Amino acid sequence: MAALFLQASGPAPVTESWERYAEPGRWPAWAPQVLRVRVDGGDTRIHPGMTGEVRSFLPPAAGFVVTAVDELARTWSWRVTLGPLRLTLDHGVDPCLDGGTSTWLRLRGPLPVLLAYAPLARVALRRLVHADPPPRT
């Protein structure tokens, strides 16, 4: 198992960036690799034990379970499964001194998968901390 750490900073207020994470229905607006999110039970906010599926460009959907959420620290973790592949993703959102946001992502899983996913994750992190995420093209 390998690990990779990514981060980005931008002008969006920290509360807005956190809400973009905390509401799975908003993920497709800033994460280009996420086309749709289905949450079991219809929950609208991440919480430990939340499960569902994330749809991307190619089938099949990736299953997920949220393993930890700390609203005060603005951190959360989830485990994503796609067939035999398993990834653990830890996320955090921190305020910047200029009023913007810094966000980070720690990925753990097979190194080839992490290296293939990293470019998409970098784009998503940058979009997460923009004042207004660019529209999908």
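Trp 27 is buried in this predicted model, and its relative accessible area is 3%. The assignment follows directly, because residues under 20% relative accessible area count as buried. Two ring partners of Trp 27 have similarly low values: Phe 64 is buried at 5%, and Trp 76 is buried at 3%.

The ring geometry around Trp 27 is worth a closer look. In all, the structure holds 8 aromatic pairs. In one of them, the ring centres of Trp 27 and Phe 64 lie 5.9 Å apart with the planes at 55°, so this pair is classed as tilted. The two residues come from distant parts of the chain: Trp 27 belongs to helix α2 (residues 27–30) and Phe 64 to strand β4, with their positions 37 residues apart in sequence numbering. Trp 27 also pairs with Trp 76, and here the arrangement is stacked, with 5.6 Å from centre to centre and 25° between the planes. This second pair likewise joins distant parts of the chain, since Trp 76 sits in strand β5, 49 residues away from Trp 27 in helix α2. Taken further, ring pairs connect Tyr 21, Trp 27, Trp 30, Phe 64, Trp 76 and Trp 78 into a cluster.Now for the fold that carries these rings. The protein contains 3 helices and 7 strands, and along the sequence these elements follow the pattern β-α-α-β-β-β-β-β-β-α. The 7 strands form an open sheet with antiparallel pairing, in the order β1-β7-β6-β5-β4-β3-β2. Strands β1 (2–10) and β2 (36–39) stand at the edges; each has a single partner strand, so one side of each is left without a neighbour in the sheet. From one strand to the next, the twist averages 25°. At the β2 edge, pairing with β3 (residues 51–55) is antiparallel and runs over 4 bridges, and Val 39 stands opposite Gly 52 of β3.

Helices pack against this sheet as well. Helix α1 (residues 14–22) touches β4 (62–70), β5 (75–82), β6 (85–95) and β7 (101–109). The direction of α1 makes about 160° with that of β6. Helix α3 (residues 111–128), in turn, lies across β1, β6 and β7, and runs at about 15° to β1.

The overall dimensions complete the picture. The radius of gyration is 14 Å, close to the 14 Å given by the globule rule for 137 residues, so the protein is as compact as a globular protein of that length. Along the principal axes, the C-alpha atoms fill a box of roughly 45 × 35 × 30 Å. Of the 137 residues, 40% count as buried. Among contacts with a separation of 6 or more, 47% come from residues 24 or more positions apart. The accessible surface amounts to about 7,200 Å², and 61% of this area belongs to carbon and sulfur atoms.

Conventions
Residues numbered from 1 in each chain as written. Predicted model: local features only at pLDDT ≥ 70, side-chain atom pairs only at ≥ 80, totals over all residues. Heavy atoms only, no water. Pairing = 2+ DSSP bridges. Axes fitted to C-alpha atoms, helices over the stretch in contact; angles between N-to-C directions. Contact = heavy atoms within 4.5 Å. Phe/Tyr/Trp six-rings, centres within 6.5 Å; stacked < 30°, edge-to-face > 60°. Buried < 20%, exposed > 50% of the residue type's maximum accessible area, 1.4 Å probe, protein only. Rg over C-alpha atoms; globule rule 2.2 N^0.38 Å. Areas by Shrake-Rupley, 256 points an atom, 1.4 Å probe, with all protein chains shown as cover.
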